[in-house]
Amino acid sequence: MVQSLNTKVDLVVNATSYQGLTDYGKIMIGDKGFEFYNDRDASNFIQIPWEEVDYVIASVMFKGKKIPRYAIQTKKNGTYSFSSKQPKEALRAIREYVDPSRMVRSLSFVDVLKRGVVNIFKR
């Protein structure tokens, strides 16, 4: 059985992990870290301590009305993408443990196109 990092849990919510194949499970946000547990396979889990979190990147649409996905970028192990039933509540719970200046918006589709066009004309 998997041992949780957390001693106190702030939020548990249904979620989807986008590591490789899509996995459905639950996100647990607590005092020691961010955890994802797969519903079907107990050995498939992700545990990220708060000390390891570098950035939290949210994909924001319609001026904050919809947040379809968010990602946690770690200092050593890369980026982990998630979506959840209540993303705003999850991000508020994460904000308790991660500095709000380390929580950023991802680039929109239009921003990516603008960067591409600008880079073409710089050459």
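1. Salt bridges. The count comes to 2 salt bridges, a salt bridge being a side-chain nitrogen of Lys or Arg within 4 Å of a carboxyl oxygen of Asp or Glu. Side chains of opposite charge can pair when their charged atoms come close. This is a predicted model, in which local features need pLDDT of at least 70 and side-chain atom pairs count only at pLDDT 80 or more, while totals for chains, interfaces and linings use all residues. Residues are numbered from 1 along each chain as its sequence is written, and side-chain values use heavy atoms, with hydrogens and water left out.

2. Asp54 and Arg102. The closest N and O atoms of the salt bridge between Asp54 and Arg102 are 2.5 Å apart. This pair links distant parts of the chain, 48 residues apart: Asp54 is in strand E5 (residues 53-61), and Arg102 is in the loop between H1 and strand E8 (103-105). Helices (H or I, at least four residues) and strands (E, at least two) are DSSP runs, numbered from the N terminus. Asp54 is buried, because its relative accessible area is 17%, whereas Arg102, at 30%, counts as partly exposed. Buried means under 20% relative accessible area, exposed means over 50%, and partly exposed lies in between (1.4 Å probe, protein chains only).

3. Asp10 and Lys8. A salt bridge also joins the side chains of Asp10 and Lys8, at 3.5 Å from N to O. Asp10 is partly exposed, with a relative accessible area of 34%. Lys8 is partly exposed as well, with a value of 47%.

4. Overall layout. The protein has 2 helices and 8 strands. Along the sequence they follow the pattern β-β-β-β-β-β-β-α-β-α. The C-alpha trace spans about 55 × 30 × 30 Å along its principal axes. Of the 123 residues, 34% count as buried.

5. E1 and E2. Strand E1 (residues 9-17) pairs with strand E2 (residues 23-30) in the antiparallel sense, over 8 bridges; two strands pair if DSSP finds at least two bridges between them. Within this pairing, Val9 stands opposite Gly30 in E2. The two strands form a hairpin with 5 residues between them, and Gly20 in the turn has a positive phi of about 70°. Tyr18 is also placed in the loop between E1 and E2. With 27% relative accessibility, Tyr18 counts as partly exposed. The C-alpha atoms of Tyr18 and Glu52 are 19 Å apart in space, with their positions 34 residues apart in sequence.

6. E1 and E7. Strand E1 is also joined to strand E7 (residues 79-84), by 3 bridges, and the two run antiparallel. The bridge partner of Thr16 in E7 is Ser83. Thr79 lies in E7 too and, at 40% relative accessibility, counts as partly exposed. Thr79 and Val56 are 23 residues apart along the chain, and their C-alpha atoms are separated by 9.3 Å.

7. E3 and E4. Strand E3 (residues 33-38) and E4 pair in the antiparallel sense over 5 bridges, and a hairpin joins E3 to E4 through 6 residues. Tyr37 has Phe45 in E4 as its bridge partner. Side chains alternate along E4 (residues 45-49): Ile46 and Ile48 point to one face and are buried, while Phe45, Gln47 and Pro49 point to the other and are not.

8. Positive patch. Lys65, Lys88, Arg92 and Arg95 gather in a patch of positive charge on the surface. Patches are made of residues with over 30% relative accessible area and no salt bridge, with like charges joined within 9 Å and nonpolar side chains (Val, Leu, Ile, Met, Phe, Trp, Tyr) joined within 5 Å. Lys and Arg count as positive and Asp and Glu as negative; His and the chain ends are not counted. The place of a charge is taken as NZ of Lys, CZ of Arg, CG of Asp or CD of Glu. Among the patch members, Lys88 is in helix H1 (residues 87-95) and counts as partly exposed at 36% relative accessibility.

9. Nonpolar patch. Phe109, Val110 and Leu113 make a nonpolar surface patch of about 330 Å². Accessible areas come from the Shrake-Rupley method with a 1.4 Å probe, and for residues only the protein chains shown count as cover. Phe109 is found in helix H2 (residues 109-122), and its 63% relative accessibility is why Phe109 counts as exposed.
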